[in-house]
Amino acid sequence: MKRDRTKNTRSPQWDDLKIFLSISREGSLVAAARATGLTQPTMGRRLQSLEKRVGCKLLRRTSSGYVLTDEGMAVLAHAERMEEEALSFERQLAARNGELDGTLRVSASDWLASHILAPVIARLQQKHSRMMVELSTDPRLLSLDRRETDLVFCFNRFEQAQVVQKQLTHVHYGVYASRAYLEQRGLPHPSTGGAGHGLITMDAALSHQADVVWLTGRLPKARIMGRSTSRDVQARMCTEGGGIAVLPLQVAESTPGLERVDLGEPPPGRDVWMGYHRDFRHHPRLRALIDAAEAALLLDPPKSMKKIFPSRAS
């Protein structure tokens, strides 16, 4: 007679389900341990404990990492629903905290964080000394749903229905090279296709971005000499004579040694979007940073930013 395993199983604990979610998303114990702050052996033991509780294998180890079994797929759906309920509860509790002391987590690209947001955050912290802002420049924008971050600044609209979003402003770009480079190679011109010139662009995975397509289209005979996902790195490569690059004006104007190059028309700019989870809409710390960002960048930008963030009236 077949033994009914359900009589000997116990309900899984939420802490173990969080471990299961992390491993299933990251694909390995090492990556999941890094994401959760636990050790790899601990992750393995907790997974085994969960599988013993439910009475079946949830994840199968392969040469390319962990993959979900059929039973794991079923548990995943339940675990994700539990996670959303738990995170929603946490967000609502945090939103009821009317104090401005505590931590606010913000995610943005590296140059936007360093050149635009850092001054805004510094001024806000001078006003609210007990408030700590954790600014992440991880290339992978952190998740609002999983509460990895509280506020995201990015260059694309958010697709999640539960995210409250707003177009904050528009970033203008220009074409730049060093004086030494231009003296050596001369000014590039679209009529020659940029023959004899070198370009510095985003990496191959981001070659679809509008500014990359525009630059390579204006100078199709130029050779790509360097790539980087960091606009600051691109700017430094330019100052060392590495080639021509499209840069945000704020980055270029804060980098000594660069000169603007006229290619007949300006490169396309990008919109900056700000988003946060709807459960956080009354969160006082979040509200304070949003108000500060809008005051600095949208409503009345300081003189140093007016070229980058013109007012709506302009």
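Helix 1 and helix 3 cross in a left-handed sense. In this predicted model, helix 1 spans residues 14-26 and helix 3 spans residues 40-54, and their axes come within 9 Å and cross at roughly 115°. That angle makes helix 1 roughly perpendicular to helix 3. On the helix 1 side, the contact uses Asp 15, Asp 16, Leu 17, Ile 19, Phe 20, Ser 22 and Ile 23. Helix 3 contributes Met 43, Arg 46, Leu 47, Ser 49, Leu 50 and Arg 53. By class, this contact holds seven nonpolar, two polar and four charged residues.

Helix 1 also packs on helix 2, residues 29-36. Here the angle is about 125° and the axes are 8 Å apart, so helix 1 is oblique to helix 2. The crossing is right-handed. Ser 22, Ile 23 and Glu 26 of helix 1 meet Leu 29, Ala 31, Ala 32, Ala 35 and Thr 36 of helix 2. These residues divide into five nonpolar, two polar and one charged. Ser 22 and Ile 23 thus appear in the contact with helix 3 and again in the contact with helix 2.

The table sets out the two pairs.

| Helix pair | Axes and angle |
|---|---|
| Helix 1 and helix 3 | within 9 Å, roughly 115° |
| Helix 1 and helix 2 | 8 Å apart, about 125° |

Which residues of helix 2 are buried? They are Leu 29, Ala 31, Ala 32 and Ala 33. Their cover includes helix 1, helix 3 and strand 2 (65-68). Leu 29, Ala 31 and Ala 32 also take part in the contact with helix 1. After helix 2 comes Gly 37, with a positive phi near 85°.

Now the wider fold. The protein has 10 helices and 12 strands. Of its 314 residues, 46% are buried. Take the contacts between residues at least 6 apart in sequence: 73% of them join residues at least 24 apart.

In soluble globular proteins, nonpolar side chains tend to be buried together. In this model the largest nonpolar core has 54 residues. Trp 111, Leu 112, Leu 151, Phe 153 and Leu 289 have the most contacts inside this core. Beyond its sequence neighbours up to four places away, Trp 111 touches Ile 116, Phe 155, Val 171, Tyr 173, Arg 231, Asp 232, Pro 248, Gln 250 and Val 251. Another core lies apart from the largest one and has 18 residues, including Ala 32, Ala 33, Leu 59 and Val 75. Ala 32 and Ala 33 are the helix 2 residues named above as buried, among others.

Two single residues deserve a look. Is Asp 150 buried or exposed? Asp 150 is buried, because its relative accessible area is 4%, under the 20% limit. Asp 150 sits in the loop between strand 4 (131-136) and strand 5 (151-154). Leaving aside neighbours within four places, Asp 150 is in contact with Thr 103, Leu 104, Arg 105, Leu 144, Gly 275, Tyr 276, Phe 280 and Leu 286.

Thr 216 belongs to helix 7 (residues 210-218). Its relative accessibility is 28%, so Thr 216 counts as partly exposed. Outside its neighbours within four places, Thr 216 contacts Leu 199 and Ile 224. Leu 199 is 17 residues away along the chain, and the C-alpha atoms of Thr 216 and Leu 199 are separated by 8.2 Å.

Note on methods
Residues are numbered from 1 along each chain as its sequence is written. This is a predicted model: local features need pLDDT of at least 70, side-chain atom pairs count only at pLDDT 80 or more; totals for chains, interfaces and linings use all residues. Side-chain values use heavy atoms; hydrogens and water are left out. Helices (H or I, at least four residues) and strands (E, at least two) are DSSP runs, numbered from the N terminus. Buried means under 20% relative accessible area, exposed over 50%, partly exposed in between (1.4 Å probe, protein chains only). Contact means heavy atoms within 4.5 Å. Axes are lines fitted to C-alpha atoms, for helices over the stretch in contact, and angles run from 0 to 180 degrees between N-to-C directions. Angles under 35 degrees count as roughly parallel, over 145 as roughly antiparallel, 65 to 115 as roughly perpendicular and the rest as oblique. A crossing is left-handed if the near helix is turned anticlockwise from the far one by less than a right angle, and right-handed if clockwise. Ala, Val, Leu, Ile, Met, Phe, Trp, Tyr, Cys and Pro count as nonpolar, Asp, Glu, Lys and Arg as charged, and the others, Gly among them, as polar. A nonpolar core is a set of buried Ala, Val, Leu, Ile, Met, Phe, Trp, Tyr and Cys residues joined through side-chain atoms within 4.5 Å.
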